[in-house]
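Student: Could you take one part of this protein and look at it closely, working outward from it to the rest of the fold? Please keep the reasoning behind each buried or exposed call visible.

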Amino acid sequence: MTSRIPGFDGLVAALMSTDNGVRKQAEKEYEDLKQTSPDSISLHLLELLNSTEANLNVRSLAAILLRGALTKNNGELFCRLNSATRQTLQTELLASLLNEGHVQIRRKTCDAVGELGRKLVDSKKNEWPQLVQYVLANVTSDNPNHRESAFSIFEKISTHFAANASNNYQRLNQIFSASFCVSPGDNNVGVHVSAIKAWAALLQSIGNANDRTLFTSLLSEVLRCLQASLEISATPEAIEILKVLIEICEDHAKIFQPLLGSFINLMSKVIENGNIDASVRQLSLELVVTVAETKPSMCRKLSDNSFVTTIVPAIFVMMLGLEEFASEQELHAWANSDDDDDDGDSDSLLNFCHGASGLDRLACSIGGDTVLPVTFQLVSQYASSNRWQDRHAALVAISQISEVIVPTFQGKMPEIVTTVLQFMNGDPHPKVRSAAISAIGNLCMDPTGLIQEDYHAIVIPALIRRLEEDLPRLQSRAATAIDFFVDSCSPMILEKY
């Protein structure tokens with residue numbers, strides 16, 4: 001019989017104290033108890049977790065502490081528990097998952113079970129057979145809470161199923177397919193996310209490519225789950241699904257090939273949609289760019305260059321959404337600062353930055369020959385706009401893809417340089433002039449020195465005029481551009497200035 005620890009409930013409460021002194025003393029006592037009374041402390045935490053009288057904060061902390069106690073340091077504390085305590089913990093934790101009604105407590109309990117399961121069950125051992133039985137019994141449960149918990153644990157012990165369930169892959173495929181099914185009024189997005197994470201973990205745990213094919217065929221159903229979560233504005237769930245897909249893409253981007261066209265159509269609509277959460281739009285772009293970087297040839301081969309013609313316009317839409325300055329004074333303050341870090345971190349600015357970066361990465365991965373014609377059609381369109389945001393986006397696009405412009409578009413360089421200088425010298429909005437200066441500076445970074453050799457007579461005087469402008473931010477940008485110019489310029493040309 002494990003002895004009780006006097007005042008343990010109060011000790012746990014003290015761990016949540018806002019008083020640093022009280023909390024640090026409680027942390028010391030707790031760590032000491034883990035060393036001297038591992039069985040007692042484990043069972044006390046289990047009791048608090050299952051208590052109907054303790055408040056939710058205490059129960060939640062008990063779940064977190066129990067997970068840490070049982071799994072940290074390679075499960076050192078769990079290894080010191082006697083067999084009766086281990087059996088009690090394993091049995092009661094599984095019962096808690098079935099009986100717990102509060103979603104926060106259930107998910108934290110699931111985390112504890114999953115992490116302990118990861119230690120006890122893998123491709124080579126199964127020291128918790130009841131856990132495997134629990135998972136298999138509940139992934140098809142009528143209770144969505146039980147399904148969500150079972151898939152969450154499946155994710156943690158996916159290596160076991162990958163190594164030991166090869167004869168049942170077809171059955172697992174059917175289970176996942178059923179769990180991804182989206183029906184009208186279906187609000188079980190938590191089950192969808194949990195199942196998708198389990199599917200991804202299994203996919204990455206299967207070594208045989210032919211076996212993986214059975215599960216990669218489910219990608220279209222995963223994308224339907226993503227679309228369904230967006231339709232009901234389930235933003236956290238959509239973010240989780242996108243993160244899973246990005247992770248898969250790093251090693252298995254080829255799974256997107258059979259449905260690449262429909263995939264980019266869905267992603268472009270998300271990227272363009274200003275009513276969708278900014279993080280979802282940014283992650284959608286990240287997913288698309290990751291596919292391009294991982295499998296550029298696959299993207300180039302899509303018929304009618306539709307990968308580029310679909311995604312690049314969506315990226316521009318993302319870059320066009322910069323907010324107006326609230327007042328002339330705010331614009332004046334921006335122009336009179338030389339600190340690029342003072343631009344803020346609004347959603348519109350973050351969208352713009354992700355869009356600009358995505359365009360650069362797309363051009364570098366797929367190639368200038370494929371990306372530049374589409375990009376410059378849009379540059380021409382937006383450069384003639386009355387909105388400063390549109391002109392700004394056009395110039396930033398030139399700046400971002402400058403690395404591929406010079407070697408790919410040498411014949412059009414006179415037109416490009418002349419256009420950029422026109423904006424740098426004459427645009428009424430300082431943010432557009434600033435973008436033009438940066439574009440010239442980035443074009444000067446081409447290692448061939450083409451800008452320096454062929455256009456120094458118009459570029460250097462224009463940049464010097466910007467140094468004389470009474471706006472510190474533009475002066476700073478011009479000085480940087482001159483620095484870039486000098487780096488790849490011959491002394492003979494510099495002597496003229």
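Tutor: Leucine 349 is found in helix α20, and in this predicted model leucine 349 counts as buried because its relative accessibility, 11%, falls under the 20% cut-off. Its separation from leucine 65 gives a sense of scale, since the two leucines are 284 residues apart in sequence and their C-alpha atoms lie 39 Å apart in space.

Helix α20, which covers residues 347–366, is one of the elements against which the buried residues of α21 pack. The other partners of those buried residues are α17 (296–300), α18 (306–319), α22 (388–400), α23 (402–408) and α24 (413–426). Helix α21 itself runs over residues 368–383, and its buried positions are Gly368, Thr370, Val371, Leu372, Val374, Thr375, Phe376, Leu378, Val379, Tyr382 and Ala383. As background for reading such a list, an α-helix has 3.6 residues a turn, so residues three or four places apart point the same way.

Further along the chain, serine 434 belongs to helix α25, residues 430–443. Serine 434 has a relative accessibility of 1%, and because this is under 20% it counts as buried. Once neighbours within four places in sequence are left aside, the contacts of serine 434 are with Trp334, Leu474 and Arg477. Between serine 434 and phenylalanine 423, which are 11 residues apart along the chain, the C-alpha separation is 9.2 Å.

Turning to the nonpolar interior, the largest nonpolar core takes in 173 residues, and Trp199, Phe263 and Phe307 are the members with the most contacts inside it. The largest share of this core is contributed by α4, with 10 residues. More generally, in soluble globular proteins, nonpolar side chains tend to be buried together.

Tryptophan 199 shows how such a position is surrounded: apart from neighbours within four places in sequence, it is in contact with Phe176, Phe180, Phe215, Leu218, Leu219, Val222, Leu245, Ile248 and Ile255. One of these partners, leucine 219, sits in helix α13 and is counted as buried because its relative accessibility is 0%. Tryptophan 199 and leucine 219 are 20 residues apart in sequence, with 9.7 Å between their C-alpha atoms. Seen from leucine 219, and not counting residues up to four places away in sequence, the residues touched are Trp199, Leu245, Ile255, Phe256 and Leu259.

Two exposed residues offer a contrast in backbone geometry. Most residues other than glycine have a negative phi, and most peptide bonds are trans. Asparagine 74, although not a glycine, has a positive phi of about 60 degrees; it lies in helix α4, residues 56–80, and counts as exposed because its relative accessibility of 66% is over 50%. Serine 233 is likewise not a glycine and has a positive phi, near 55 degrees. Serine 233 occupies the loop between α13 (219–231) and α14 (235–252), and it is exposed because its relative accessible area, 59%, is over the 50% cut-off.

These details sit within a protein whose secondary structure consists of 28 helices and 0 strands. Its radius of gyration is 29 Å, well over the 23 Å that the globule rule gives for 497 residues, so the protein is more spread out than a compact globule. Along the principal axes, the C-alpha trace spans about 90 × 55 × 45 Å. Buried residues account for 52% of the 497 residues, and among contacts with a separation of 6 or more, 71% join residues 24 or more positions apart.

At the surface, the protein exposes about 22500 Å², of which carbon and sulfur atoms supply 47%. The charged side chains comprise 41 positive and 60 negative ones, and the centres of these two sets are 7 Å apart.

Technical notes:
Residues numbered from 1 in each chain as written. Predicted model: local features only at pLDDT ≥ 70, side-chain atom pairs only at ≥ 80, totals over all residues. Heavy atoms only, no water. Helix = DSSP H or I, 4+ residues; strand = E, 2+ residues; numbered from the N terminus. Rg over C-alpha atoms; globule rule 2.2 N^0.38 Å. Buried < 20%, exposed > 50% of the residue type's maximum accessible area, 1.4 Å probe, protein only. Contact = heavy atoms within 4.5 Å. Areas by Shrake-Rupley, 256 points an atom, 1.4 Å probe, with all protein chains shown as cover. Lys, Arg positive; Asp, Glu negative; His and termini not counted. Charge placed at Lys NZ, Arg CZ, Asp CG, Glu CD. Core = buried A, V, L, I, M, F, W, Y, C linked by side-chain atoms within 4.5 Å.
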